[in-house]
Amino acid sequence: MDILACPIDKYHPLELHVFEEKSEIVEGIIVCPKCNRFYPIIDEIPHMLPDNLRTKEEDVKFLRKWAGQLPPKIANEGKPFNLTTN
Amino acid sequence: MKSKRIKKVVREGYAKIAEQGSSCCGSVNSCCGGVDVTQDISRKIGYTEEELKNAPEGANLGLGCGNPVALASLKEGETVLDLGSGAGFDSFLAAQKVGDKGRVIGVDMTPEMIKKAKENAKKGNYRNVEFRLGEIENLPLADASVDVIISNCVINLSPDKERVFRESFRVLTLGGRLMISDIVLLRELPDYIRKSIEAYIGCLSGAIMKDKYIAMIEKAGFQNVKVINETSFPIELMANDPTAKTIMKNLRLTAEKVKGIADSVVSISIQAKR
C-alpha cells in the first residue's frame, strides 16, 4: 500500500477499505481520493487496471456484493462504475 | 493492428498459457516434453541450475528470453519492480536476492498469470513478493518508488512501448536502474509474419528494430543506455512456441525461411540509469 498509486492520475497515497481479512486482505477496495476511482481487491489480489481493461459487469457485481460496506462516495459516485451506473 | 485488439490477443493468449502451465504443450498438437523442455530452454538462456531449482514449481513457464544479468545486479534491501511478471519466476529469484529487507512487486495484466504467481508465492512461502493486476503502460506505483525495474521478454508485446519506458522512468528513484531483456530485430520481419496476430504472443510481430528500441529508452529520459548482452534468439524457443508452430504450419514455411526469420531476431539485455 505504501507505494501504490492510481494508475490513471498517479496520485499517492491511496485509501484502503478492508471487507474481509484472514492472514492477508482477501477482499476490499483501494480508492484514489483525487479521481474517486476504486480498485477492487479480489482473492487477495489488488486489481489496479486502467478503465479500458475493466468491465462494467464485473465491477458492478463486486460493488453489489459489498454494497453495505462501501464508502458512500464510491457507492454513488465511484469511477469508472458505481451502483447508480445503468 | 489496433492497440486494443493487440491487448486482447495478448491477454487471451497468455491466459491460455497460464492455464496450460507452459508455452510448450500449447493449443496445437505439440511436443509435450513438459517441465523438462521448459527447464532446458531456461538453462540455455542463462539461468543457473540453482536458480531453476530454487523457484517454486510452476513458476517457470519457459517464456522468457533470460535476464540473469539483471538478477545478478540486485542488492539486499532493494525494491524491485518486475514488468510483466507472469507466473513469477524472475520475481521469486529477485526476491531471494533482495532478502527480507527488500521487496519485489510484480505487475501483469493477465488475471490468470497473477493468480498463478500468487499461488506460487504461497507455495514457496515468499513474504517479500507482491503481485498486482495492472498494465505496464499505466503503472499503479508512486513516482520514484522503486530502485530497479526488471522485465524479461515482455515490453516487445506492448503496442505503446514509449509509454512503458516513460512510466518506468517515472516510478524509478533518481539513480535507479532499468535492467531488462527483450527481443528486438536486426532486420525488418517479412510482412506475412508481421501481419500474423498469432505471432504477437509468440513475441515476434511486436518486436521492433534494435536502434528504435534503444532510442525510445533514451527519449524517456534514461541515461547510460547500454546493451550488455546480445544473443541470437534461440531457435528452440521459437520452435517450442505454440503460436510460432501454428504460424509455421499455416504459412507452410520451409526450414530455410524459418532460419532466415530467426536470424533477424535477437535477444538483448539492456541496462540504463535514471
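Across the interface of chain B and chain A in this predicted model, eight residue pairs are found in polar contact, with both partners at pLDDT 80 or more. On the side of chain B that touches chain A, helix H1 (3-20), strand E2, helix H6 (111-123), strand E3 (129-134) and helix H7 each supply at least two residues. The residues of that side divide into 10 nonpolar, four polar and 11 charged. In all, the contact takes 25 residues from chain B and 17 residues from chain A. The two chains bury about 1800 Å² between them, and 61% of this area lies on carbon and sulfur atoms.

## Charged pairs at the interface and within chain B

Five salt bridges are counted between chain B and chain A, while a search of the whole structure finds 17 over all chains. Side chains of opposite charge can pair when their charged atoms come close. One network of salt bridges links Asp2(A) with Arg103(B), Glu130(B) and Arg132(B). Four individual pairs are set out below.

| Salt bridge | Closest N to O distance |
|---|---|
| Lys10(A) and Glu167(B) | 2.8 Å |
| Arg170(B) and Glu167(B) | 2.8 Å |
| Asp143(B) and Arg170(B) | 2.7 Å |
| Lys219(B) and Glu162(B) | 3.0 Å |

Glu167(B), which is found in helix H7 of chain B, appears in a salt bridge with Lys10(A) and in another with Arg170(B). At 6% relative accessibility Glu167(B) counts as buried, because the limit for that class is under 20%. The side chains of Glu167(B) and Lys10(A) are also joined by a polar contact of 2.8 Å. Leaving out residues up to four places away in sequence, Glu167(B) touches Lys10(A) together with Ile136(B), Glu137(B), Asn138(B) and Leu139(B).

On the other side of the interface pair, Lys10(A) is found in the segment before strand E1 of chain A, and at 19% relative accessibility this lysine counts as buried. Its phi is near 65°, a positive value in a residue other than glycine.

Arg170(B) and Glu167(B) are three residues apart in helix H7 of chain B, and they are therefore separated by about one helical turn; both residues are buried, Arg170(B) with a relative accessibility of 14%. Arg170(B) also pairs with Asp143(B). Because Asp143(B) lies in the loop between E3 and E4 of chain B and Arg170(B) in helix H7, this pair ties together parts that are 27 residues apart in sequence. Asp143(B) is partly exposed, with a relative accessible area of 48%.

Helix H7 of chain B takes part in a further salt bridge, that of Lys219(B) and Glu162(B). Since Lys219(B) lies in helix H10 and Glu162(B) in helix H7, the pair ties together parts that are 57 residues apart in sequence. Lys219(B) is exposed, with a relative accessible area of 63%, whereas Glu162(B) is partly exposed at 27%.

## Nonpolar cores and the fold of chain B

Chain B contains 13 helices and seven strands, and buried residues make up 59% of its 274 residues. Among the contacts in chain B with a separation of 6 or more, 77% are between residues 24 or more positions apart.

In soluble globular proteins, nonpolar side chains tend to be buried together. The largest nonpolar core here has 40 residues, and those with the most contacts inside it are Leu81(B), Phe165(B), Leu178(B), Tyr213(B) and Ile217(B). Strand E3 (38-42) of chain A supplies at least two residues of this core, as does each of several elements of chain B, including strand E4 (146-152), helix H7 (161-171), strand E5 (172-185) and helix H10 (210-219). Apart from this core lies another, of 32 residues, among them Leu53(A), Ile17(B), Val98(B) and Leu133(B). Beyond its neighbours within four places in sequence, Tyr213(B) is in contact with Ile155(B), Phe165(B), Ile180(B), Asp182(B), Val184(B), Ile208(B) and Ile270(B).

## Backbone features

Two cis peptide bonds can be described in chain A. The bond from His12(A) to Pro13(A) is cis, with omega near 0°, and Pro13(A) is found in the segment before strand E1 (15-21). A cis peptide bond also joins Lys79(A) and Pro80(A), with omega about 0°; Pro80(A) is placed in the segment after helix H2 (72-77).

In chain B, Asn224(B) has a positive phi of about 50° although it is not a glycine. Asn224(B) lies in strand E6 (residues 223-232) and is exposed, with a relative accessible area of 53%.

Conventions: Residues are numbered from 1 along each chain as its sequence is written. Chains are lettered from A and ligands numbered from 1 in the order in which they are written. This is a predicted model: local features need pLDDT of at least 70, side-chain atom pairs count only at pLDDT 80 or more; totals for chains, interfaces and linings use all residues. Side-chain values use heavy atoms; hydrogens and water are left out. A nonpolar core is a set of buried Ala, Val, Leu, Ile, Met, Phe, Trp, Tyr and Cys residues joined through side-chain atoms within 4.5 Å. Buried means under 20% relative accessible area, exposed over 50%, partly exposed in between (1.4 Å probe, protein chains only). Helices (H or I, at least four residues) and strands (E, at least two) are DSSP runs, numbered from the N terminus. Contact means heavy atoms within 4.5 Å. Buried area is the accessible area (1.4 Å probe) that two parts lose on being put together, summed over both. A salt bridge is a side-chain nitrogen of Lys or Arg within 4 Å of a carboxyl oxygen of Asp or Glu. A polar contact is a pair of N or O atoms within 3.5 Å; within protein, one must be able to donate a hydrogen and the other to accept it, and residues adjacent in sequence count only if both atoms are side-chain atoms. Ala, Val, Leu, Ile, Met, Phe, Trp, Tyr, Cys and Pro count as nonpolar, Asp, Glu, Lys and Arg as charged, and the others, Gly among them, as polar.
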